[in-house]
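Please examine the structure shown below. The exchange that follows asks how certain descriptions of it are justified.

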Amino acid sequence: MTTETPMNKTTDTATPVTPPPTTPLVPLPHPAARALTVAGSALALIGTFLAWTWTKEFPGNLTVTGYPGGLQVLTLVGALLTLLFTLSGYDIPGLRWLTPGGKNSPVLLSALGVLATTGYAMGAISYELGGAVNLEPGAWVSGIGALAAVIGALGLPTDQPHDPGDPHPHHWVNLWFRLRHALSSPEPGRAKDLPAWAEILIITGGFGAGLFIFAYGIRTEYSEAFIGFLIIAAFGFSAVNRAGLLKRLSALTAKHRNVTLAAAFVAAICFPFTQSNDQFALIGANILIFATVALGLNVVVGLAGLLDLGYVAFLGVGAYAAALVSGSPQSTIGVQFPFWAAVLTGALASLIFGVVIGAPTLRLRGDYLAIVTLGFGEIFRITMNNLNGRSGPDVTNGSNGVPNIPDLELFGFNFGVPHNVLGTELTRSGNYYLLMLLFTAVVVMVFRRSAESRIGRAWVAIREDETAATAMGINSFRLKLLAFALGACLAGLAGTVQAHVSYSVTPEQYQFAGSVPPNSAFLLAAVILGGMGTISGPLIGAALLYLIPAKLQFMAEYQLLLFGIALMLLMRFRPEGLVADRRKQLEFHETGQLDVPEDKPLPEGATGVAKAGA
Amino acid sequence: MTTTTTAPATTTVLDASGVTMRFGGLTAVRDVDLTVNTGEIVGLIGPNGAGKTTFFNCLTGLYVPTEGKVAYKGTVLPPKPHLVTQAGIARTFQNIRLFANMTVLENVLVGRHTRTKEGLWSALLRLPGFRRAEETSRERAMELLEFTGLAAKADHLARNLPYGEQRKLEIARALASEPGLLLLDEPTAGMNPQETRAAEELIFAIRDKGIAVLVIEHDIRFIMNLCDRVAVLVQGEKIVEGPAEVVQADERVIAAYLGTPFEGEPGAAEAAEVEAAEAHSTTEGDDK
């Protein structure tokens, strides 16, 4: 961004009056700007086929000419995306569908993504190998290409007319506003209806792409590749969003909801088959556990509006219950239930625990409830620590927990050993991943069905205004207890699988805040980051919150700091979370147009008014 | 909900007797009796702070009255808001309390809560009755939106409605619980004359559905047009109750709103004397 500021200064001094609408940030003739973008992104693309460095010491082997690897692939993908978006701006038939919303903002965003990824790669090479001399010409070709593409993209007219308003006295602030404006785009119009099979095909393709990107992110073997992946994924995602493709896709998914759920489920089933490494499949399984618990918490926080800071305790109750009846030699009970009975035991134990804690605490509102639940969460952990035979009766082995939980065997299928399914190897974690997926599906269904019912509406009403809700005949205490108990039960369900996946259950796994994600603070963060009251929100939030710390081990010390910064930025720029439910979207972005339902003409209005007046 | 268009025999819908509400040493409502009969619109007026809303809260179970009891159609109501609504008394609030981030339709659907029974299991397993109950609720809710003239805005967020329509939505939401008695707490506060007239029409239409109405209001003209009977609350006590014209002429009411005249009308000479005395006291009365 710093490179084009001088040019900008000249524009602003040359035209001190308010700039006409859609003026680009960099004063270039439109055709020249577009040509520059095309040339730049093509150059960046070509550069990825050349060697970027001379030694294999930098991970990913960037020394080969003619075969992009590691970070080069990411630049390649970004450059390709930029090229496609730019060419779509030429109105080339067959590419026009790419940009139903903004035409030029996606170009700018993807070009910025390429520049950021390439820049990061060049920086990382120089830093790790000790100087820019370690860069081969290929890296420079890509870098210069990316820079040219960004300058060209900045020269393209903005998608939305610029509202001059009164310019801010500070030049830099003005620039910042104009840059943000250049990144904004209009909403896409309504798509023309395709045949149903085509729409379903598009949904399937969308989820396929999502699965591929997600699997690629998990498979990254070194942190440089993961950071590059995050950069290009973030920019690429926003570019696709600005282009209006996500809006189009979400319109389709809203139309075919069952197909969407099925496609998401199938894509999720495919995931373990893309991971031959058990370590990566384990990340997948843990993400699922985390996400499922977050979705359970979403019933309590997102729907009923009860701030629960000790939610991880319910996961713990489920896990402990399952561990004690798992037949582990260290279990103090020493019985072995079949898995279905263990699941019921875990869910029931959590349910009872939820009711016991909820009955007294749910008479409190707001902050008081948060503090009390926080306390109960810690009480659970400390109690588990103390039931060790010295401080209290020996139930849980204290801080040693219940280790050596045996692997499950269902219908002759041993979860502990790899299986060969359709020619691909399914590892131990892959097995558990699939089992957990079943539970996730159950929780998704429970969430969806309860949210879209009389009970779910009552929960939301209590969240909005408890007094008014009771005046509408809602027994608020009973419904809050129901939400609390249901949430607890769902967490307990996930806990029963978690006990088996992690071999052992110890009190330290169930803290308020800790470095390993399923803890109360991170669960709440996953819900808020992802989007309260939605299904996909907590799933995405949990995936990000698990994946980022797991992949960036070297940042472990600063994890909470970065986490805090990320949350603050998110609350500033997207308070409704990554995935906004319809209500939240209307709540935070009152543009006046948004809440007008699209496909409804308004014929009844007049008659309604007449009737009221009668 | 039964329409009592044919039967002129009126029955008592609401019977509040001896309702007293004390907050510590302050008696906000003192020994108020009030009855509302079927097909009636009853007004409750009084100066600010007279205890009208407190009385409403006692009726609807938001407050537990210190003394006295509230009966609906012969049965004494427990002081729990949701049970009161279930029994058949619905209310609106003085300062609008909609579910701001729910859509207009959802707001009304929440009002249907007590008239539907589908629980969590029914929702989770989608038992046979579930879909039917949802359909019926939706139909009823849309009917009410038609009735109040909000049908075109069913998918808007409640918070995005203009003020007058929010008031209407509160009424629609209250009606959704199929009440036999509707309590309206200042339904026209902040409305312009046209809107007030429309609200009047709406309340008459509600009465014609067979729902008794008890309304708190400050707009005397509105009350006089609307109500069959008016009760006046002053400092927590009911001082008069009767037909609108009678109440309007009652000197205790005038006194409560405007203050009492002197004991004995002052004559012209006395008035001049007083005036002179006042003029005198303003010049030198400062040292007191």
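Q: What makes the reach of helix α3 of chain A close to the expected value?

A: In this predicted model, helix α3 (residues 71-89) of chain A has 19 residues and reaches 28 Å from its first C-alpha to its last. The expected span is 1.5 Å times one less than the number of residues, which for this helix gives 27 Å. The value of 28 Å is therefore described as close to the expected 27 Å.

Q: Which parts of chain A do the buried residues of α3(A) pack against?

A: The buried residues of α3(A) include Leu71(A), Leu76(A), Leu83(A) and Phe85(A). The buried residues of this helix pack against α2 (30-47), α4 (105-129), α7 (196-219) and α8 (223-242) of chain A. After the helix comes Asp91(A), with a positive phi near 60°.

Q: Why is the pair of Phe290(A) and Tyr546(A) called tilted?

A: The search of the whole structure finds 13 aromatic pairs over all chains. For Phe290(A) and Tyr546(A), the ring centres are 6.5 Å apart and the planes stand at 55°. Planes under 30 degrees apart count as stacked and those over 60 as edge-to-face, so the angle of 55° makes this pair tilted.

Q: Why is this pair said to tie together parts of chain A?

A: Phe290(A) belongs to helix α11 (residues 278-303) and Tyr546(A) to helix α20 (residues 536-551), so the pair ties together parts that are 256 residues apart in sequence.

Q: How do you know whether Phe290(A) is buried or exposed?

A: Buried means under 20% relative accessible area. Phe290(A) has 0% relative accessibility and therefore counts as buried. Its partner Tyr546(A), with a relative accessible area of 10%, is therefore buried.

Q: What makes the pair of Phe23(B) and Tyr63(B) edge-to-face?

A: The two rings lie 5.4 Å centre to centre, with 80° between the planes. Pairs with planes over 60 degrees apart count as edge-to-face, and the 80° of this pair therefore earns that name. Phe23(B) is in strand β1 (residues 12-23) of chain B, and Tyr63(B) is in the loop between α1 (52-60) and β4 (67-72), 40 residues apart.

Q: How are Phe23(B) and Tyr63(B) classed by accessibility?

A: Partly exposed covers values between the 20% and 50% limits. Phe23(B), with a relative accessible area of 36%, is therefore partly exposed. Tyr63(B), at 30%, therefore counts as partly exposed.

Definitions and conventions:
Residues are numbered from 1 along each chain as its sequence is written. Chains are lettered from A and ligands numbered from 1 in the order in which they are written. This is a predicted model: local features need pLDDT of at least 70, side-chain atom pairs count only at pLDDT 80 or more; totals for chains, interfaces and linings use all residues. Side-chain values use heavy atoms; hydrogens and water are left out. Rings of Phe, Tyr and Trp (its six-membered ring) pair if their centres lie within 6.5 Å; planes under 30 degrees apart count as stacked, over 60 as edge-to-face and the rest as tilted. Helices (H or I, at least four residues) and strands (E, at least two) are DSSP runs, numbered from the N terminus. Buried means under 20% relative accessible area, exposed over 50%, partly exposed in between (1.4 Å probe, protein chains only). Contact means heavy atoms within 4.5 Å.
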